[in-house]
Amino acid sequence: MSTVVKKFLTSALSLGLVAGVSLSASALELKISHQWKANVDGRDRAARLFVKEVEKADPSIKFRIYPAQSLGIKPVAQLDALQNGTLELAIFPMSYAVGKAKEFSGVILPGGVPSLDVAMKLKRSAYHKEIQKLANANGIHIVSWWWTPGAFATKTSPVGGPDTVKGQKLRAADPTFESMLKAAGASTSAMASTEIYPALQSGVLTGALTSAETFVSGRLYEQTKHATVGGANSLWMLLQPLVMSKQHWDKLSPKQQKIFEEAADKADAFFLTVQREATNAMAEAWRKSGGTPREMTDDEYKQWMDLARKTAYPEYAAISPTAKRILDALEKSKAAK
């Protein structure tokens, strides 16, 4: 082999290696953290669909999903990691952010979003935009629009109207929701959904309000006997979307941001179907365990809403002008739909 050829091959190999390093450096690797079981909970499954759609549209973007707190970050602490940029994405119950900004209670107001149909009609509404502004102001960007209907589950007696929770020790996941429960005679405890099972087991709680998904994936039917499921009268509905660190969202190109949004649209449609199934699965889980599931009647729901408008709603509106604006946007957006 001539000296000229050797030099050419050496140069080409060197360039190839450099190109390979450059390609590796340009690849985007993103972590997704959440607290639920892999391939079981609908939130994890929807995240995997989102990942599949993004990677199909842009193979240079890769994800690694860390379910069941496997990244070592506690559910509430994910917000700090997102804000400082050490975590790129998380599936995050937005009420967990209330400790940083009380205005986030606007995503779990009692009866605020009464059904999955209403939840999806609110997508891209004035209310959605106000919640996004709040999220952006707190260092995160809402990518998906995932709403989870929830229910009451109790150890002793079933929940109907407000008078039926007197003396109960409940978890509700939000301060304004808790104020309504306290007005009805219940005591409340604040905790992440991963802590509900042992709290029920030990007697710290006699019941809980949480999502249908969590009731099933967390096997809460093992520690309770009665369930008041959502249906047409969902008192508890929480936004639990895929969110992204704002600083990492801003680093995406406009084309990549569009890919994320289009993938989120597909994941949203899938998640909606999963949540419709989740309420039925929750009721069935209680039946199989020997429990008694029931739906809240129209009259019971009205009693709760009358109480909420005297407690949770004015308390929320008084937090700040931002909270008042979010509440007004919610009411107007629902009326417009």
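These are my notebook entries on the overall make-up of the chain and on the pairing of strand β1.

Entry 1, ground rules. I am working with a predicted model, in which local features need pLDDT of at least 70, side-chain atom pairs count only at pLDDT 80 or more, and totals for chains, interfaces and linings use all residues. Residues are numbered from 1 along each chain as its sequence is written, and side-chain values use heavy atoms, with hydrogens and water left out.

Entry 2, whole chain. I looked up the secondary structure and found 13 helices and 12 strands in the protein chain; these are DSSP runs numbered from the N terminus, helices being H or I of at least four residues and strands E of at least two. The C-alpha atoms fill a box of roughly 95 × 45 × 30 Å along the principal axes. Of the 337 residues, 54% are buried (under 20% relative accessible area, 1.4 Å probe, protein chains only).

Entry 3, β1 and β2. I took strand β1 (residues 28-33) and found that 6 bridges join it to strand β2 (residues 61-66), the two running parallel; strands pair if DSSP finds at least two bridges between them. Between them the chain passes through helix α2 (residues 42-57), and this β-α-β crossover is right-handed (clockwise from the first strand over the helix to the second, with the strands pointing away from the viewer). For register, I noted glutamate 29 opposite lysine 62 in β2 and serine 33 opposite tyrosine 66 in β2.

Entry 4, β1 and β3. I found β1 paired with strand β3 (residues 89-91) in the parallel sense over 2 bridges. Here isoleucine 32 has leucine 89 in β3 as its bridge partner.

Technical notes
Buried means under 20% relative accessible area, exposed over 50%, partly exposed in between (1.4 Å probe, protein chains only).
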